[in-house]
Amino acid sequence: MQWAALSSPPAPAAPATVWMGRRARTARLPSPGPRRVVLAAAASSSPSPDANSNSPGSGGGGGGGEEVEEEREDAARMEKAAAFLMRSQKYAMLKQQLAVAAQFEDYKEAARLRDSLKSFEEEEPVLRLRRSLKKAVEEERFEDAAKYRDELKILAPHALLKCSSDATTLGIRVQVRSVYIESRSQPLKGQFFFAYRIRITNNSQRPVQLLRRHWIVTDANGRTENIWQVSIVLSPYQKNRVVGEQPVIFPRTGFEYSSACPLNTPNGRMEGDFEMKHIDKAGSSTFNVAIAPFSLSILGDDNDDVLL
């Protein structure tokens, strides 16, 4: 995975980013293999009348029935996740085609694609469940809200996560907002590009220095990658209060920067931490500041707020 930094406002070329200590690990979905072996063994054995109540492979209260039900739930969950992934890719392609049609002033085609997108958004189960969940909460129908939430967890786990997050550690507040960038994505090639904006505010009484960033990126297939970044290379187009590769943030001041993350699925999530240290006292130990989880999603979320 290669990352690109973004400037704000857009620069002619993206600033370089220094990478250190990159390491990846993969988290895969549970393999159905072992369960199929259990089911095959249960199916191939003939249950005897004497063993109906004790045999693990029988339906008389043993573990076999639980294995069958769990296998069915896993299969249904994977099928729904795959269907959502395909719909998300279609949605991304429609948005890209609309942007191209508008760019080349093919307004008739643009109108057609706009209507297709509107129909998609009205019929998409994830978006429909989101709307129902929001309305149920507003009307204090919490039983219905719980039902919609549980359906979303099965259909699209990332859908419950906002495209923004806000967390404070030891007086250091970190706010993040992500957005899908259609112009730099290629859905047909499985390439989806997301930009995000970070704002760090020092609400403590001591100056701190940002030393390192650690990101955990997870795609819609459950694959996870850990990324460590040791410096921030600033763009001349960025209006930051603090200039430097490892910026110092004084009390009651802040620091902002933009960056981006390419993903091979239309949805995913990011979280991580900043390693910092207090600089007003020699020998101060470092500490980690949490970056709360946020979603990377072509569907966005119900929050229209932009982190400026």
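Tutor: Buried means under 20% relative accessible area, exposed over 50%, and partly exposed in between (1.4 Å probe, protein chains only). This is a predicted model: local features need pLDDT of at least 70, side-chain atom pairs count only at pLDDT 80 or more, and totals for chains, interfaces and linings use all residues. Residues are numbered from 1 along each chain as its sequence is written, and side-chain values use heavy atoms, without hydrogens and water.

Student: What percentage of the 308 residues in the protein is buried?

Tutor: Start with the elements: the protein has five helices and 11 strands. These are DSSP runs, numbered from the N terminus (helices H or I, at least four residues; strands E, at least two). Across the 308 residues, the buried share is 41%.

Student: Which residues in α4 are buried?

Tutor: Helix α4 covers residues 125–138, 14 in number. From first C-alpha to last it reaches 20 Å, close to the 20 Å expected (1.5 Å times one less than its number of residues). Its buried residues are Val126, Leu127, Leu129, Arg130, Leu133 and Ala136.

Student: Which residue has a side-chain oxygen within 3.0 Å of the backbone nitrogen of Val126?

Tutor: Look at the start of α4. The oxygen that reaches this nitrogen belongs to Glu124.

Student: Which strand pairs with β5 over 10 bridges?

Tutor: Strand β5 (residues 192–202) has 10 of its 11 residues buried. Pairing needs at least two DSSP bridges between strands. Antiparallel β4 (residues 172–180) is joined to β5 by nine bridges. The antiparallel partner with 10 bridges, where Glu256 stands opposite Arg199, is β9.

Student: Where does the largest nonpolar core lie?

Tutor: Such a core is a set of buried Ala, Val, Leu, Ile, Met, Phe, Trp, Tyr and Cys residues joined through side-chain atoms within 4.5 Å. This one has 49 residues; Ile198, Ile200, Trp215, Phe274 and Met276 touch the most other members. Two domains, bounded by an automatic or database assignment, both give residues to the core, so it lies between domain 1 (75–155) and domain 2 (164–297).

Student: Which residues does Ile200 touch, not counting those up to four places away in sequence?

Tutor: Contact means heavy atoms within 4.5 Å. The residues that Ile200 touches are Ile172, Arg173, Leu210, Ile249, Thr253, Gly254, Phe255, Phe274 and Met276.

Student: Which side chain makes a polar contact with the side chain of Asn226?

Tutor: Asn226 lies in strand β7 (residues 224–229) and is buried, at 6% relative accessible area. A polar contact is a pair of N or O atoms within 3.5 Å; within protein, one must be able to donate a hydrogen and the other to accept it, and residues adjacent in sequence count only if both atoms are side-chain atoms. At 2.8 Å, the partner is His214.
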